[in-house]
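Thanks for coming. I will take a few minutes to go through one structure, so please have the sequence and the model open in front of you.

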Amino acid sequence: MAAVAFFDLDKTIIAKSSTLAFTRPMFKAGLLSGSTLAKAGLAQVYYQAFGADHDQLERVKEELSAMTKGWDREEVEALVTETVDEVVTPLVYAEALAIMAEHRGAGRRVVVISASPEEIVRPLCRYLGISDIIATRAAVDEDGRYTGELELYAYGQGKADAMRAMAEEEGIDLDASYAYSDSMTDLPMLEAVGHPIVVNPDSELAKIAAERGWEVRRFESAVTMRDKLPAIAASGAVATGIAAVLAYWALKGRK
């Protein structure tokens, strides 16, 4: 059976909330109001400083579902695809890229699992050379517009359930697999694998990691994708050849 390395996205691979990072392009496209943009900016500042707990993430889920009702799914994904270079360029942790390259070099698949909408996660991960994702999936009507309901909420226990479903369907050995996350809300995800690794943990998760003897890593080196890692954006081959070498040296250089 194959082993997989599961990575949370926000504050594990990228330094911000992926959903909040795309609020300005959505504002420019006329999807968001000025007041919503201002609220998103304040939310991002708070998220950077303190992270997000269960109640806050549940509130964000409800607000996003209501706000996006009626939006065209294809338009949203196209907008993210068009602006991903501008938004993500300064956000990616070199340490995460280097570790993903190591896992691929060892023959393990890399899977990003995120509570953010798949319309954001898929183009962002494609930009980073990651093809396997599990993300929140919104329901759409016959015209391809959001209904305000969710088909899959990849959050909390939902992440662990999705991982186990993937493992059963694709023959993945979870005991031999790895998981990386920063948040206490991802405790079920970390508990689902044999090798849980805590990254930039919030206070609750740091306490549990210490109690259980879990490995803790600090990611601090945000790289500029456009300048330092062009091979990733151009070919998507983060695990092979030049891309892997560049990811490694980006990490070493920052140290």
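I will start with the whole chain, then go through the sheet, the cores and a few single residues.

First, a caution: this is a predicted model. The protein chain has 255 residues, and buried ones make up 50% of them. It is built from 13 helices and nine strands. About 11,900 Å² of the chain is exposed, with carbon and sulfur atoms supplying 51% of that area. Among contacts with a separation of 6 or more, 64% are between residues 24 or more positions apart.

Now the sheet. In what order do the strands of the open sheet run? There are seven of them, in the order E5-E4-E3-E1-E6-E7-E8, and the pairing is mixed. The edges are strand E5, residues 146-152, and strand E8, residues 215-217; each has a single partner strand, so one side of each has no neighbour in the sheet. From one strand to the next, the twist averages 25 degrees.

Strand E1 covers residues 4-7, and I will stay with it for a moment. On one side E1 pairs with E3 in the parallel sense, over four bridges. Val-4 of that pairing stands opposite Arg-109 in E3. E1 also pairs with strand E6, residues 178-181, again in the parallel sense and over three bridges. Here Ala-5 stands opposite Tyr-178, and Phe-7 stands opposite Tyr-180.

Which way do the side chains of E1 point? Side chains in a regular strand alternate between the two faces of the sheet. In E1, Val-4 and Phe-6 point one way while Ala-5 and Phe-7 point the other. Are these four buried or exposed? All are buried.

One helix to look at against this sheet is H7, residues 118-127. Helix H7 lies across strand E3 (109-117), strand E4 (132-140) and E5, and runs at about 145 degrees to E3.

Next, the nonpolar cores. The largest has 29 residues, and the ones with the most contacts inside it are Phe-7, Ile-13 and Ile-130. Elements giving two or more residues to this core are E1, strand E2 (92-93), helix H6 (94-105), E3, H7, E6 and E7. Which element gives the largest share? That is H6, with five residues. There is also a second, separate core of 24 residues, which includes Ala-162, Met-163, Leu-187 and Ile-208.

Phe-7 is worth selecting on your screen. Leaving aside neighbours within four places in sequence, Phe-7 is in contact with a list of residues that includes Ile-99, Met-100 and His-103, as well as Val-110, Val-111, Val-112 and Ile-113. The same list includes Thr-12, Ile-13, Tyr-180 and Met-189. So Tyr-180, which stands opposite Phe-7 in E6, is among the contacts of Phe-7 too.

Val-111 is the other one to select. Val-111 is found in strand E3. How accessible is Val-111? Its relative accessibility is 0%, so Val-111 counts as buried. Not counting residues up to four places away in sequence, Val-111 touches Val-4, Ala-5, Phe-6 and Phe-7, together with Asp-132, Ile-133, Ile-134 and Met-166. Val-111 and Asp-8 are 103 residues apart along the chain, but their C-alpha atoms are separated by 8.7 Å.

On to the aromatic rings. How many aromatic pairs does a search of the whole structure find? It finds three. In one of them, the ring centres of Tyr-153 and Tyr-155 are 5.2 Å apart with the planes at 25 degrees; under 30 degrees counts as stacked, so this pair is stacked. Tyr-155 is buried, at 9% relative accessibility.

Last, two backbone oddities. Lys-11 is not a glycine, yet it has a positive phi of about 65 degrees. Lys-11 lies in the loop between strand E1 and helix H1, residues 18-21. With a relative accessible area of 14%, Lys-11 is buried. Asn-200 is also not a glycine and has a positive phi, of about 45 degrees. It sits in the loop between strand E7 (195-199) and helix H10 (203-212). Asn-200 counts as buried as well, at 16% relative accessibility.

That is where I will stop.

Terms used. Residues are numbered from 1 along each chain as its sequence is written. This is a predicted model: local features need pLDDT of at least 70, side-chain atom pairs count only at pLDDT 80 or more; totals for chains, interfaces and linings use all residues. Side-chain values use heavy atoms; hydrogens and water are left out. Buried means under 20% relative accessible area, exposed over 50%, partly exposed in between (1.4 Å probe, protein chains only). Rings of Phe, Tyr and Trp (its six-membered ring) pair if their centres lie within 6.5 Å; planes under 30 degrees apart count as stacked, over 60 as edge-to-face and the rest as tilted. Contact means heavy atoms within 4.5 Å. Accessible areas come from the Shrake-Rupley method with a 1.4 Å probe; for residues, only the protein chains shown count as cover. Two strands pair if DSSP finds at least two bridges between them. Axes are lines fitted to C-alpha atoms, for helices over the stretch in contact, and angles run from 0 to 180 degrees between N-to-C directions. A nonpolar core is a set of buried Ala, Val, Leu, Ile, Met, Phe, Trp, Tyr and Cys residues joined through side-chain atoms within 4.5 Å.
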